[in-house]
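Reader: Could you walk me through this one, with the cut-offs stated as we go?
Author: Gladly; here it is, and I will begin with a term we need.
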Amino acid sequence: MKVHNQELISFSKNRYSLNNKQIEKSLRQLSTGVKIATSSDNASGLSISETMRAQIRGISQAQSNMQDGLSLLESANEGLNNVNSLLQRARELSVAAATDTMVDEDRAAVQTEITQILEAIDDTASKLEFNTRQILGENTTLKLQVGANPGQTININLIDTSAAALGIDQISVLTGDGANQAISALDDAINKTSLHLTKIGSYIESIEFHLFNAYDFENNLSQSLSILEDVDIAEEMMNFTKLDIRQYGDQLLISQVNKNSQGVLGIL
């Protein structure tokens, strides 16, 4: 007579052990809300999710870059408007000094005010900064990273608005001819700053367009990552319940086999 209990117990124990691991995995997913916690959960999925996460973090930082770029351009816009107002006032004074109804003393007074205006223009050019970088004090090109990947940039060209760079540092209205020359020089300076104001506006429009696209791109990527990584709680709870029932069944089976074996041994 043979008691065939070892085969059943071995099968049940192996299934119980495997089931226990699956329950641990299910509990981990339920507690973290993440389907892919380790590479063993989904090797290819983990690689894809990490690539997506890098893109999301990169595009998020690019949005911060663009916000900084917009702040810089708004500062440049204010500075240029201030310079333009000063240039308009200097031109107004030059027109006044161009008429011969003014005497030398009047032109000297006008020249004093124009000199003060030129100093104010130089002061704006040298002291207007963003993060310690001069905005209107030199002709330079700034590269703004607007994407998560190499080459996704916008070039911002800034101009030097000092009196010397605008060609008005030597203007004099002490004579009628000098006043007329000053008017021409100031017209050129106003045209230059006005043109750059237009460029600043186009830079702002371009960055805002890229910023809107970045928001949309980040949102779409985040949704895709969520689908790949996040646990469907309802589905996983059903899976956990199924595993728990199976585990309890294996426990009963092992217990019953042992009980039957003990009964047979008792009879013997």
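Author: A residue is called buried under 20% relative accessible area, exposed over 50% and partly exposed in between, with a 1.4 Å probe and protein chains only. This is a predicted model, in which local features need pLDDT of at least 70 and side-chain atom pairs count only at pLDDT 80 or more, while totals for chains, interfaces and linings use all residues. Residues are numbered from 1 along each chain as its sequence is written, and side-chain values use heavy atoms, with hydrogens and water left out.

Reader: Okay, then is Thr124 buried or exposed?
Author: Thr124 counts as buried, because its relative accessibility is 14%. Thr124 lies in helix H3, residues 104-127, where helices (H or I, at least four residues) and strands (E, at least two) are DSSP runs numbered from the N terminus.

Reader: Which side chain does the Thr124 side chain make a polar contact with?
Author: The partner is Asn82, at 3.0 Å between the two side chains. A polar contact here is a pair of N or O atoms within 3.5 Å; within protein, one must be able to donate a hydrogen and the other to accept it, and residues adjacent in sequence count only if both atoms are side-chain atoms. In terms of general contacts (heavy atoms within 4.5 Å), Thr124 touches Gly79, Asn82, Val83 and Leu136, leaving aside its neighbours within four places in sequence.

Reader: And which other residues of H3 are buried?
Author: Besides Thr124, the buried residues of H3 are Arg107, Val110, Gln111, Ile114, Ile117, Leu118, Ile121 and Ala125.

Reader: How far apart are the end C-alpha atoms of H3?
Author: They are 34 Å apart, which agrees with the 34 Å that its 24 residues should span at 1.5 Å a residue; the expected span is 1.5 Å times one less than the number of residues.

Reader: Zooming out, what is the overall layout of the protein chain?
Author: Along the sequence the protein chain reads α-α-α-β-β-β-β-α-α, that is, five helices and four strands. Of its 268 residues, 34% count as buried, and among contacts with a separation of 6 or more, 74% are between residues 24 or more positions apart. The protein chain exposes about 15800 Å², of which carbon and sulfur atoms supply 51%, with areas from the Shrake-Rupley method and a 1.4 Å probe; for residues, only the protein chains shown count as cover.

Reader: Which residues touch the most other members in the largest nonpolar core?
Author: In that core of 23 residues they are Met66, Leu73, Ile156, Leu158, Ile200 and Ile207, a nonpolar core being a set of buried Ala, Val, Leu, Ile, Met, Phe, Trp, Tyr and Cys residues joined through side-chain atoms within 4.5 Å. Two or more residues each come from helix H2 (43-97), strand E3 (140-145), strand E4 (153-158) and helix H4 (176-229), and H2 gives the largest share, eight residues. A second, separate core has 22 residues, including Leu93, Ile121, Ala179 and Ala185.

Reader: What does Met66 touch?
Author: Leaving aside neighbours within four places in sequence, Met66 is in contact with Leu144, Val146, Ile207, His210, Leu211 and Ala214.

Reader: How do the side chains along E4 point?
Author: They alternate, with Ile154, Ile156 and Leu158 buried on one face, while Thr153, Asn155 and Asn157 point to the other and are not buried. E4 runs antiparallel to E3 and is joined to E3 by six bridges, where strands pair if DSSP finds at least two bridges between them; Leu144 stands opposite Ile154.

Reader: Changing topic, what is phi at Asn131?
Author: Phi of Asn131 is near 55°, a positive value in a residue other than glycine. Most residues other than glycine have a negative phi. Asn131 sits in the loop between strand E1 (129-130) and strand E2 (133-134) and is exposed, with a relative accessible area of 69%. Thr132 is in the loop between E1 and E2 as well, and its phi is positive at about 70° although it is not a glycine.

Reader: Last one, what does Leu186 touch?
Author: Leu186, in helix H4, is buried at 0% relative accessibility. Not counting neighbours within four places in sequence, Leu186 is in contact with Leu87, Ala90, Arg91, Ser94, Ile168 and Ile171.
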